Amino acid sequence: MEATMARKALLLSMSMTLASFFLIHVCGEHSAVGQIPCGRYHDQMRKMQAFRVSSVRHDSVSLPLSLHPSPSSTGQPPEAAPSPHVYNVTSYGADPTGREDSTEALLRAISDAARGPSTGSLLEGIQNLGGAQINLEGGNYVISQPLRLPATGVGNLMIHGGSLRASDDFPTDGYLIDLSASTTSNNEENRESSKDAELLSSSSPYNYEYVTFRDLMLDSNYRGGGIAVINSLRTSIDNCYISHFTTNGILVQGGHETYIRSSFLGQHITAGGDHGERNFSGTAINLMGNDNAVTDVVIFSAAIGIMVSGQANILTGVHCYNKATGFGGTGIYLKLPGLTQTRIVNSYLDYTGIVAEDPIQLHISNSFFLGDAYIVLKSIKGVAHGVNIVDNMFCGSDKGIEIVQLDQSNGPFKDIDQVVIERNNVRGMNIKSTVARGSVNGKGNLWIVDFNNVLLFPNLIRNVQYSLSATGSQFPNHALRNVSNNSVEIQTDLDVPATVFVIADQV
């Protein structure tokens, strides 16, 4: 049935085409007999074309766009297309060459984005801006004051695609991008923003949710920091390059779940071996909040690579060569004694190490420590609980440096529980562990195995396993006699030639 109708439609289409040929020919001649006046020619053609189209089934053949009736032909005004929520900063007067100050223009774009249409809410009290984008359009913009949102209580917003540089009069305690509650200012834009704040007042305990900073290069010009994320939820910092900071490259304070990914940070732009390395200062990433993640990040210059003073954070794929330990630098500093809850995995500590104060629930594994880099457990109140330092690689220069060290300048570690330092492979450094294995052989009735060169904590052995293999025809009685000062003593009741194998455990 469908094939028959298709053949009929094809024959009809050919007939209409032939008829149009004769019409064209007649209109082109000057004979006065049997002709269709040229004034009516176009009307006849339109009718034939419409009849031809109507003869074809619409569910099997698509019509050309030119044959669809336009909105104007129906007498109805065309509907306005919905405006995309993309705010191009050059349309606000921002100078992409960096010759002129673009602060006010960028703040206007940010203000318009924050005041844009809302499509519901995220967390209660946070308006969903629907993925609004502030597009820096690949420009290089100079700013003289921090870029802030006009009010709290908004989310689902992105700033991306360009470079920001602090001017020479940028406040030295400021951040190029400051994701915190707005502060008052004398300029007109911020006075207008204070009105916005009344309209965008938030009942959320967080300032912002789901704000993304992507594909940005931030130059703090040795005046302050790069990005501050204050009391915000689910913030992403992705593929950013942050340099020339004097305070923090990235500060995360309060809030939850800031994810820093695939980014590069350094106070000075260098690839290592910098002659001024001794003078590097500042902190690349300062995590003063909980439940954050730093993933696939390179920190190439700063006094401290990552400072952690919040709980339940994870660092993975981090490469720190920010400042060598020999010059006073620290790759990762865990400054939250008594409740660390930090995981450091698959990372690369390059001539700079890790310091953990009174660690409780700390996991360091599958990481590489190069150039005599090591781990320090620092006593504050003498507590170390639930520490795993396992399956790492350490490589040094045969200077006798221990892979894990204790800083007991504030007092000794006295409360030690579930500390496992084991299965690390070491080259050119001295191994330290909480589990040691040794053996001794000879003839006598007392065998002593000294584990001080391996066991981490002084004068602490909690578990011992040993075996005594005696040669000859005698079968002596034997016993564990002493474990003080990290030495294990095994005694027999007879003098015999024997070999003693011992495993000592501080866990």
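Student: Hi! Of the contacts in the protein between residues at least 6 apart in sequence, what share joins residues at least 24 apart?

Tutor: It comes to 65%, where a contact means heavy atoms within 4.5 Å. A word on the source: this is a predicted model, so local features need pLDDT of at least 70 and side-chain atom pairs count only at pLDDT 80 or more, while totals for chains, interfaces and linings use all residues. Residues are numbered from 1 along each chain as its sequence is written, and side-chain values use heavy atoms, with hydrogens and water left out.

Student: Good to know. How many helices and strands does the protein have?

Tutor: Four helices and 30 strands. Both are DSSP runs numbered from the N terminus: helices are H or I with at least four residues, strands are E with at least two.

Student: And how much of the protein counts as buried?

Tutor: Of its 507 residues, 46% are in that class. Buried means under 20% relative accessible area, exposed means over 50%, and partly exposed is in between, with a 1.4 Å probe and protein chains only.

Student: On to empty space. How many cavities of 30 Å³ or more are there?

Tutor: Two. A cavity is a set of points on a 1 Å grid over the protein atoms alone where a 1.4 Å probe fits but cannot get out, and lining residues have an atom within 4 Å of a point. The largest cavity holds about 60 Å³ of space, a volume being the space filled by probe spheres set on the points, which are joined across faces, edges and corners.

Student: Which residues line the largest cavity?

Tutor: Among them are Ile-110, Leu-147, Arg-148, Ile-159, Asp-178 and Phe-213. Strands β4 (154-166), β5 (175-179) and β6 (208-219) each give two or more residues to that lining, and β5 has the largest share, with three.

Student: How does that lining divide into nonpolar, polar and charged?

Tutor: Nine are nonpolar, none polar and two charged. Here Ala, Val, Leu, Ile, Met, Phe, Trp, Tyr, Cys and Pro count as nonpolar, Asp, Glu, Lys and Arg as charged, and the others, Gly among them, as polar.

Student: How much space lies in the largest pocket?

Tutor: About 210 Å³. A pocket is an open set of points with protein on both sides within 12 Å along at least five of seven lines. Of the 14 residues lining the largest pocket, the closest to its centre are Gly-272, Gly-273, Glu-277, Ala-324 and Tyr-351. The lining has six nonpolar, four polar and four charged residues.

Student: Switching topic: how many disulfides?

Tutor: Zero, taking a disulfide as a pair of cysteine sulfur atoms within 2.5 Å. For two cysteines I can add exposure: Cys-320 is buried, at 0% relative accessible area, and Cys-395 is partly exposed, at 22%.

Student: Where is Arg-223, and what does its side chain meet?

Tutor: Arg-223 sits in the loop between β6 and β7 (225-230). A polar atom of its side chain lies 2.6 Å from the backbone oxygen of Phe-170. Beyond its neighbours within four places in sequence, Arg-223 is in contact with residues including Asp-168, Asp-169, Pro-171, His-244 and Thr-246. The C-alpha atoms of Arg-223 and His-244 are 7.7 Å apart, with their places 21 residues apart along the chain.

Student: Does it count as buried or partly exposed?

Tutor: Arg-223 counts as partly exposed because its relative accessibility is 23%.

Student: And Thr-342, buried or exposed?

Tutor: Thr-342 counts as buried because its relative accessibility is 1%. Thr-342 lies in strand β16 (residues 342-345), and a polar atom of its side chain is 3.0 Å from the backbone oxygen of Thr-340. Among its contacts farther than four places along the sequence are Val-308, Asn-313, Leu-334 and His-363.

Student: Last one: which residues other than glycine have a positive phi?

Tutor: Asn-346 is one of them, with phi near 50°, and Gln-418 is another, near 55°. Most residues other than glycine have a negative phi. Asn-346 is in the loop between β16 and β17 (348-350) and is partly exposed at 46% relative accessible area, whereas Gln-418 is in strand β25 (residues 415-422).

Notes. A polar contact is a pair of N or O atoms within 3.5 Å; within protein, one must be able to donate a hydrogen and the other to accept it, and residues adjacent in sequence count only if both atoms are side-chain atoms.
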